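Reader: Hi! Could you walk me through the hollow spaces in this protein?
Author: Gladly, let's look together.

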Amino acid sequence: MELIFVHGALVRDGQWWWQRSADLLRERTGIRSRALALPSCGETTSEQMAGGLIIDAAALRRELDDVDSAVVVGHSYGGTVIAEAGAHPSVAHLLYVSSYLPEIGQSQGAIMSDESDPVSIAVNDDGTLGVSGYDVTTFGSRFLQDADADTQRKAWERVTVQAVGAFMTPTTAAGWQGVDSTYIVCGQDRSTSVELQRSHAERATRVVEMPTGHHPFITRPDLIVEQLEARLRHPNS
């Protein structure tokens, strides 16, 4: 069994975001895990970056092609990547963390447009998007209010731009359909509203709510690993 983490939008270095949960998961279960590099966030080559959602989904499919069985964890935008990647025989379980299970034809931007207090994002002249009007303090208070100041600073250092196509491309597949899944609602999330989370959680097999902000795999890795252990022991119950 493999575990692949698909990180959210407008950040880089997925392994850093996932590392605390990865270390605890390996300690408890012996299972190794890794984070997918998202081309649209500039984590591969500049040529690939412009491919947006399509190239991100292709990157996930390539990872899945190399394993026999995998649990895929999608955080925020990562759920849209999972959807676009489509059905894959290696996927044993999907774990969503404050994420999205879009219907075919929905784009990331369209989903976020329904928020009453959306994250401020600006379009740049070079075909990228980036968070707008934030600094380390305001970013920390919105996205990682339950983390210490040092963690907030390190997270801010990993904020980056992302190809417009990651947000504006409608999905052409719904990879979450027909796959056993767990949705973690982050009840104190200041980035993605609880209402929007719950609406997408209705499409998952089961729902768990946690009293955390947007990144529980950093602030409460014990809770994330607890859910992963449960699914590894009883993958369809």
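**Two cavities and a helix residue**

Author: The second largest cavity has a volume of about 60 Å³, the volume being the space filled by probe spheres set on grid points joined across faces, edges and corners. This is a predicted model: local features need pLDDT of at least 70, side-chain atom pairs count only at pLDDT 80 or more, and totals for chains, interfaces and linings use all residues. Residues are numbered from 1 along each chain as its sequence is written, and side-chain values use heavy atoms, without hydrogens and water.

Reader: Why is the second largest one called a cavity?
Author: On a 1 Å grid over the protein atoms alone, a cavity is a set of points where a 1.4 Å probe fits but cannot get out. The search of the whole structure finds two cavities of 30 Å³ or more.

Reader: What makes L60 a lining residue of the second largest cavity?
Author: Lining residues have an atom within 4 Å of a point, and L60 is listed in this lining, as are H88 and V179.

Reader: How do you know how many residues of that lining are charged?
Author: Asp, Glu, Lys and Arg count as charged; Ala, Val, Leu, Ile, Met, Phe, Trp, Tyr, Cys and Pro as nonpolar; the others, Gly among them, as polar. The lining divides into nine nonpolar, three polar and no charged.

Reader: What makes P39 a contact of I55?
Author: Contact means heavy atoms within 4.5 Å, and I55 is in contact with P39, S40 and Q48, leaving aside neighbours within four places in sequence.

Note on methods: 1 Å grid on protein atoms, 1.4 Å probe; cavity = no way out; pocket = protein on both sides within 12 Å on 5 of 7 lines; lining within 4 Å.
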